[in-house]
Amino acid sequence: MLMSPPSTTEILNRLLVLHMRSLPMYLGYAPPYELYTNERAKAVLDQMVEDQKRTVDRLGTLILDSSGTIDYGEFPMSFTSLHDLSLEYLLNLLIERQQKFVAACEKLADALSMAPYAQAAAREAVGEAKGHLENLQELKASLE
């Protein structure tokens, strides 16, 4: 049986869930003490969360404009065990997950080739995600 390719709305929803239920978003809602006692780490995380919320809004608008339904997804249960970790461990985890996040966003952006406006929004999100990865890596280097 042949499967049809995912629709633009399905791809946008996948991208939206990646942003809405990311580790930085979770940590923004439930910040661990270690992360929020370091002003620079807090600033980096706050910027990531602010940018991701803006991306969620933009993607949601695109989905609704195409008469689609928004799927916000859920946070992974594994995130609930991250509150007592050291800042160093958390940064390593954030960097590792952000690398995977960038790759997943790039793949989804590529899949939007038949929807140029949606693809442009997705590519902008990829650029922001790469910038966030660089900020995390710089933060880690400054703490070593």
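**Salt bridges and the largest pocket**

Glu-124 has a relative accessible area of 41% and is therefore partly exposed, a class lying between buried (under 20%) and exposed (over 50%), as assessed with a 1.4 Å probe on protein chains only. The structure is a predicted model, in which local features need pLDDT of at least 70 and side-chain atom pairs count only at pLDDT 80 or more, whereas totals for chains, interfaces and linings use all residues. Residues are numbered from 1 along each chain as its sequence is written, and side-chain values use heavy atoms, with hydrogens and water left out.

A search of the whole structure identifies eight salt bridges, each defined as a side-chain nitrogen of Lys or Arg within 4 Å of a carboxyl oxygen of Asp or Glu. In one of them, Glu-124 is paired with Arg-58, and the closest N and O atoms are 3.5 Å apart. This pair links distant parts of the chain, since Arg-58 belongs to helix H4 and Glu-124 to helix H6 (residues 116-143), at a separation of 66 residues; helices are DSSP runs of H or I with at least four residues, numbered from the N terminus. Arg-58, with a relative accessible area of 23%, is likewise partly exposed.

Within helix H4 (residues 39-65), Asp-46 and Lys-42 are four residues apart and are thus separated by about one helical turn, and their salt bridge brings the closest N and O atoms to 2.8 Å. Both partners are partly exposed, Asp-46 at 29% and Lys-42 at 25% relative accessibility.

Glu-96 and Lys-100 form a further salt bridge, at 3.5 Å from N to O, and both lie in helix H5 (residues 87-110), four residues or about one turn apart. Here Glu-96 is partly exposed at 40%, while Lys-100, at 54%, is exposed. Elsewhere, Glu-50, Asp-51, Arg-54 and Glu-128 are joined into one network by salt bridges that share partners.

The largest pocket (an open set of points on a 1 Å grid over the protein atoms alone, with protein on both sides within 12 Å along at least five of seven lines) holds about 210 Å³ of space. Its lining comprises 14 residues, with Leu-18, Ser-22, Leu-23, Arg-97 and Phe-101 nearest the centre, where lining residues have an atom within 4 Å of a point. Helix H1 (8-20), helix H2 (23-29) and H5 each give two or more residues to this lining, and H5 supplies the largest share, six residues. By class, the lining residues of the largest pocket divide into nine nonpolar, two polar and three charged, with Asp, Glu, Lys and Arg counted as charged, Ala, Val, Leu, Ile, Met, Phe, Trp, Tyr, Cys and Pro as nonpolar, and the others as polar.

Methods:
On a 1 Å grid over the protein atoms alone, a cavity is a set of points where a 1.4 Å probe fits but cannot get out, and a pocket is an open set with protein on both sides within 12 Å along at least five of seven lines; lining residues have an atom within 4 Å of a point. Grid points are joined across faces, edges and corners, and a volume is the space filled by probe spheres set on the points.
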